[in-house]
Amino acid sequence: MSRKRRPSLQRTAPVERNPALEAEGLEALAREYPEEREEILLDAADCWSDAGQHDRALALYQQLLDMGCEEPHLIEAYRISTLWDAGRSSEARDAATRLRRQHPTDAGAWNFVAETFETAGELQEAADWFTAGLTHLLGPATPLTRTGVEDSPDPSGIEMLAIGRHRVRRRHGQPHDDLDHLADELHMHGPALFRGPGTLDDLHDPDHLQAAESGDPDVLRASIEKLTAEVTARRAALSRPRMTCALFWPEPEFTGLLARWPVLEDAYGADHHDHIRRVEETLLRLSEEGEPHLGIAQGSVSDFEEFIHNEALSPQDGDTWAEYAADLAARGQAQTWPPPRNGPCWCGSSRKYKKCCGNPALRTG
């Protein structure tokens, strides 16, 4: 005998929706279709919350928990959020503490409580919940890599927690750690449709998030215009012929670079004169090897520090220097090489190129 199926509930809203009336109808429907009671009562509780009748919603959540529901941890997370919405924050905190001690295996439960604290502006507590959920579900033996997440029992749930954690830590001004780097990697390899332009740091920029939450049309418009300009600039840079750049540090920046990372002396030279010579020789070699579109990108220590922080790269890795030079070029902060022989030398000496770095007799000096 086939199971009696309830009709599809069409919430094609009237001009003015009445969530309390919807909730009453759903409770009646749950009595008629007991085999789908849990799903229907969850919808009803959501409607009671929308109607501002939080006690009615809380009563339904408690009813579901008492009757032995399929997802008790997730429903308890909904109940905690509703307690908070009802202004019963002390009860919500106590319930959250009890839930955390139960070590939920449902990523949604961790995420929902974390987002409840985030919405309340308690970013540190939100980050703690995201972190606890991540570390519990990943387990101590799982490597903090995209492959490790993909091979886990709940990759989408773990990604949801990692992205949420990244967001609240970014809003809280905390530096990147290993789990933030994992979130960056998961975002970077996600579907382009959901990823959008830019990095996860761009997406979670506090100014952008504040603009999105403010609802102020002028603020939203300014944020959209800024983002559009950034995307346009990046596309324009990508449309230019690829430029292979040598990284050049002007003298004050060179001094600061070696003070910050003394080990980079082997790569860039013991003094600034040696550094300039190495840059010119590198470009000459690349030119002789037939490399087109050569250029020089001027680095700065502060910009380099921000770059390696955002990209989670090591300052001592040769690939990092190449990526930084390419990023400078993409931002329009590079000049083509060689300059005109009678033009100013690229090194900033104010002499003509042919009498400075372009003078073969001076290259070994």
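Which residue in β2 is the bridge partner of Thr-244? It is Leu-294, and I shall return to that pair when we reach the sheet.

Good morning. The structure above is a predicted model. I shall begin with the overall picture, then take the sheet, the helices that lie across it, one buried acidic residue, and finally the nonpolar cores.

The protein contains 19 helices and three strands. Of its 365 residues, 39% count as buried. The exposed area is about 20,400 Å², and carbon and sulfur atoms supply 51% of that figure. As for contacts between residues at least 6 apart in sequence, 58% join residues at least 24 apart.

Let us turn to the sheet. The three strands form an open sheet in the order β1-β2-β3, and the pairing is mixed. At the edges are β1, residues 244–248, and β3, residues 334–336, each of which pairs on one side only. From one strand to the next, the twist averages 30 degrees.

In general terms, strands of a sheet pair through backbone hydrogen bonds, in either a parallel or an antiparallel manner. Here, β1 and β2, the latter covering residues 294–298, run parallel and are joined by five bridges. The pair from my opening question, Thr-244 and Leu-294, belongs here, and Ala-246 stands opposite Ile-296 of β2. On the other side, β2 and β3 run antiparallel, with three bridges between them. There, Ala-297 has Ala-334 in β3 as its bridge partner. Strand β2 is mostly covered, with four of its five residues buried.

What lies across these strands? Helix α17 lies across β1 and β2, and runs at about 170 degrees to β1. Helix α19, residues 318–330, lies across β1, β2 and β3, at about 105 degrees to β1.

Within α17, which spans residues 272–288, I would draw attention to Glu-280. Is this residue buried or exposed? Its relative accessible area is 2%, under the 20% cut-off, and therefore Glu-280 counts as buried. The side chain of Glu-280 makes a polar contact with the side chain of Trp-346, at 2.7 Å.

I come now to the nonpolar cores. In soluble globular proteins, nonpolar side chains tend to be buried together. The largest core in this model has 34 residues, and those with the most contacts inside it are Ile-80, Val-113, Phe-117, Trp-129, Leu-134, Leu-138 and Leu-161. Six helices each supply at least two residues of this core: α4 (72–85), α5 (89–101), α6 (107–119), α7 (123–138), α9 (155–171) and α10 (178–188). Which helix provides the largest share? That helix is α7, with eight residues.

Ile-80 may serve as an example of the packing. Leaving aside residues up to four places away in sequence, Ile-80 touches Ala-92, Ala-95, Ala-96, Leu-99 and Val-113. Apart from the largest core lies another, of 19 residues, which includes Phe-254, Leu-264, Ile-308 and Ala-329.

To close, I would recall two points: the mixed three-stranded sheet in the order β1-β2-β3, and the largest nonpolar core of 34 residues. Thank you.

Notes
Residues are numbered from 1 along each chain as its sequence is written. This is a predicted model: local features need pLDDT of at least 70, side-chain atom pairs count only at pLDDT 80 or more; totals for chains, interfaces and linings use all residues. Side-chain values use heavy atoms; hydrogens and water are left out. Buried means under 20% relative accessible area, exposed over 50%, partly exposed in between (1.4 Å probe, protein chains only). A polar contact is a pair of N or O atoms within 3.5 Å; within protein, one must be able to donate a hydrogen and the other to accept it, and residues adjacent in sequence count only if both atoms are side-chain atoms. Contact means heavy atoms within 4.5 Å. Accessible areas come from the Shrake-Rupley method with a 1.4 Å probe; for residues, only the protein chains shown count as cover. Two strands pair if DSSP finds at least two bridges between them. Axes are lines fitted to C-alpha atoms, for helices over the stretch in contact, and angles run from 0 to 180 degrees between N-to-C directions. A nonpolar core is a set of buried Ala, Val, Leu, Ile, Met, Phe, Trp, Tyr and Cys residues joined through side-chain atoms within 4.5 Å.
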